[in-house]
Structure formats: C-alpha cells, structure tokens
Amino acid sequence: MSKKISVMDRRDFVKKSGIGLFGAALAPSFLNNLNAAGRLRTAHIGLGSMGMADLDAISSHELVDVVALCDVDGINLAKAKALHLNAKTYADYRELLKDMGDKIDAVIVSTPDHTHAPASMMAMELNKPVYCQKPLTHHVSEARAMNKMAAEKNLVTQMGIQVHSFYDYKLATLLIQSGIIGKVHTVRAWSPKNWGYDGPGPTGSDPVPSTLDWNLWQGTAAERPYKEGFYHPGNWRKVMDYGCGTLGDMGVHIFDTPYNALQLDVPETILNECRLPTGFGFPEHNIVTYEFPGTDYTAEKLKWVWYDGGGAPSNHLDLVLPDGETLPDQGAMFMGEKGRLLLPHFQQLPRKIVDGKYVEMDIESFNLGKPVKDYNAESKKHYHQFVDACLGKGETTAPFSYAARLTETILLGVIAGRFPNQTLHWNSKKAKFDEKEPNEFLDGKYREF
C-alpha cells in the first residue's frame, strides 16, 4: 500500500473554488518552464482504455517526451511502460507530482470521473497545464474550482472532448451561427447508450486483484468493499460515487456542438424524468429538459431535451425525417425559425430539413477545406492543439473556461436525476438551487486516503 500524502481538504477545496462565480476567461497560452530543448515533457495519470488513447495521441506529437506514467492498475501501467521505456512509473498521482514536479511540463488526467478534479487541481497548484478527460469533474463545485484556478494561474488547459475539433462539428457550428435555420428555439439530443444501473447495490466483497490498489482507485470517494464487475474496470460510470451516467459520458460529446454553436451559458431550470433514486446507480433511462436564457442565436428562451438509454429518443414530430428515414443512432436536432438541422454523432455531415424535405447547403463557402475521412487524425488534432498551446503556438478550443460551463450544465441534469419529475431552479450567480435539498449534491465529501 502506498504512503499517505496529504490532499486538499474538501472545505478548503470549495473555499478555493470561489463557487459563487465563474473565474475569468482564460488568458492566452502560457509557457510553463519548458526544458531548454523546447520540448514538452508530459505526465499521464490514468492508463485504462481512454488513458491509453490519450497517451497515444499526445505522444504522437513530434515535440512530446513522455516522462511519467501513473495508474493504480499494474496491468495498465505495464502496457504503457512497454511503449515508453524511459518514463518513470507510479501508482499514486500524488507521489508522481511530488517527485516529478520540476521534471514535467504538462499533465494529462484520464482517470475515472471522481479523480479528475483532485488530480487536476494538484497539478495546477504546481502551475502545470492540464489536459483532462470529459466530463471535466464529478461535482459542480469542482468545475468552478478548476476554472477559477486555471484562470488565476493563466494555464493552458483542454478538456478531452475530441469531436470539438472535428470537421463535421465545426461545420455545424458555422452553419447555425450563419443563421441557416434562423434563431433556434429547441434542441433535442439523444443516445441509446446505457451507463445506468437500476438494480440494487452489491453485497459482500470479492478479493482485490493483486495488480490493483483498491484504496488508490477509490481515491477521495467514500470507501467501499471491492466487488468484481461493479467498478473496475469499465462499469464505474454507472455508479453515483464514481461516474456521471450516460449524460456525463455521451451527453458531453453530443451537447458540445449545439452548446458551443448557440453560445449558451448554464440553464435556469432542469427537469429529469426518470425512476426514483436508489442511492447507488444512475437511472438507465433519462429524459432531461433544460431551459436556457436566450442568446444571439436563439429565441428568447431555449428548450433543450436529452434522451438516453435503450430505445432513445422517444417519438416526437421534431425528430421525424424525410421519406420515413430512421434517425441516426446518436445525435442532435436543432429546431429553428426557418427549418431544422440534423447533426448525427459522428462521421456524418449535418443536414438541413425544411417542410419535411432535405435542402442542399453551400458548405464550400465556409472554407473548411475538404471533409477529413481519417477520424483518427481528426481526433489527434485536439490533443496536438493542447501540446502546441503549451509550446506557445496558438490556443486551445475547449479550455476549462468553456469546459466548466458545459460540465456544470451536464452535472445539473445528473443531480436532477435524484429528484425525478421535479423542476429544479438554478441560480448561477449564487451557484445554488432555489430548492434546498439538491444543494447537498453540488460537492463531494473527500475521503483521506
């Protein structure tokens, strides 16, 4: 078992977060003690399936040197080490940051959701640029804290939402902002994925695999006995203590383009139609309705409806396609004054619909070049954008100033799942619900480990 190193007390974390206000927008790219060779030395925390994808994409940049690797699972760590033989390895991210603080230039956080903020905040305390996987945090207070610290320290940051840099999504943003369907009054978005669990919590315990440090895996979350198949690897997204359900997984990707295109802030009201809470897993089916204040690209108010789980979305006239076509498996539909815009997720171009028929669009005029067919290359753009920004070349497009607002929106819908069929009212300036009970879920109770 690894040696204990003190972590930020939860009350101190929230105090530092300035939870009542978002921090200022991030300043331009910040050069952070790069080594004399002008290369970027990276440390990677979390090396599971997404962590390995992040490692591959970041390290593919010609100016990156991977110098540190960290995972609580020895099997994951060994796989990564085999690819980067010169990197130092750790099980505990706190030990990595304490030991390697002056030997790394940027930190990539690819852990389960509940460790995103603790690891990222510790890295930013050391003035390190951070690339953090989506959703940015597990709690609303953490999102505000990360945004505030990144702004105050003028750090380069990026949330791991790779589709933000894809051709299809950039095109959809430009189309909406050009007024191609007029002001938008409604968005409907959906994913049939099921990162929920309607059954009871597990009982008893199973032997912890010899390759796994279960204490470190749980991190700041409440201590539980290990149970095979419920947490690691893979199923943690379904559990309230560790993940954010389908909304926190696919919702971030599918919300991103409409949210960005319409220049939204956080919502005023949230309603989640789902089953009663069990206290353990997220609902397997959710219909979340948000109402946002209007922007230059929307009606006076914007209605946003999210559907997830098997069979999503439900039948609705807004989602009927020409010639009886079937909806894409996942995607979003914008409803505007002059028609609708369908945005499949992903690898398909947006399509305009007017009076029940598809309408051709002049996409060449947007000067984005030819659509890129290699989506692996598209994905790497997002990572390389972060590396380049750390090296003083350009800026990131999903910095924490943006990612925190998007994540807050997502997490408000997650919290609403604990109060099914009840409209919650969000006061962004106070960072509180008007209703008392939901406020207890805005932050977490950090365990010392």
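Let me start with helix 11, since this helix gives the most to the lining of the second largest pocket, with 3 residues. Please keep in mind that what you see on screen is a predicted model.

Helix 11 covers 400-416, and helix 6, at 140-152, joins it in supplying at least two residues of that lining. How much space lies in this second largest pocket? About 510 Å³. There are 25 lining residues here, and if you want to find the centre, look for His138, His139, Asp241, Arg418 and Gly444, the closest ones to it. By class, the lining splits into 11 nonpolar, 7 polar and 7 charged residues.

Let's stay with helix 6 for a moment, because I'd like to show you asparagine 147, which sits in that helix and is buried, its relative accessible area being 1%. Under 20% counts as buried. What does the side chain of asparagine 147 reach? The backbone nitrogen of serine 401, at 3.3 Å. Helix 11 runs 400-416, so you can look for serine 401 in that stretch while you have asparagine 147, with its 1% relative accessible area, on screen.

Now over to the largest pocket. Here we have about 940 Å³ of space. Its lining is made of 43 residues, and those nearest the centre are Ser49, Met50, Gly51, Trp236 and Arg237. Which helices supply at least two residues each? They are helix 2 at 49-59, helix 8 at 214-218, helix 9 at 245-261 and helix 10 at 375-390. As for the chemistry of this lining, you can count 19 nonpolar residues, 17 polar ones and 7 charged ones.

Finally, let's move from pockets to cavities. How many cavities of 30 Å³ or more does the structure hold? There are 2, and the largest has a volume of about 70 Å³. Around the largest cavity you'll find 13 lining residues, with Cys244, Leu247, Phe282, Asn286 and Val414 closest to its centre. Two or more residues of this lining come from each of helix 9, strand 9 at 286-293 and helix 11. Helix 9 has the largest share, 3 residues. The lining of this cavity divides into 6 nonpolar, 6 polar and 1 charged.

So here is a thread to follow on screen. Helix 11 turns up in the lining of the second largest pocket and again in that of the largest cavity. Helix 9, likewise, supplies residues to the largest pocket and to the largest cavity.

Definitions and conventions. Residues are numbered from 1 along each chain as its sequence is written. This is a predicted model: local features need pLDDT of at least 70, side-chain atom pairs count only at pLDDT 80 or more; totals for chains, interfaces and linings use all residues. Side-chain values use heavy atoms; hydrogens and water are left out. On a 1 Å grid over the protein atoms alone, a cavity is a set of points where a 1.4 Å probe fits but cannot get out, and a pocket is an open set with protein on both sides within 12 Å along at least five of seven lines; lining residues have an atom within 4 Å of a point. Grid points are joined across faces, edges and corners, and a volume is the space filled by probe spheres set on the points. Helices (H or I, at least four residues) and strands (E, at least two) are DSSP runs, numbered from the N terminus. Ala, Val, Leu, Ile, Met, Phe, Trp, Tyr, Cys and Pro count as nonpolar, Asp, Glu, Lys and Arg as charged, and the others, Gly among them, as polar. Buried means under 20% relative accessible area, exposed over 50%, partly exposed in between (1.4 Å probe, protein chains only). A polar contact is a pair of N or O atoms within 3.5 Å; within protein, one must be able to donate a hydrogen and the other to accept it, and residues adjacent in sequence count only if both atoms are side-chain atoms.
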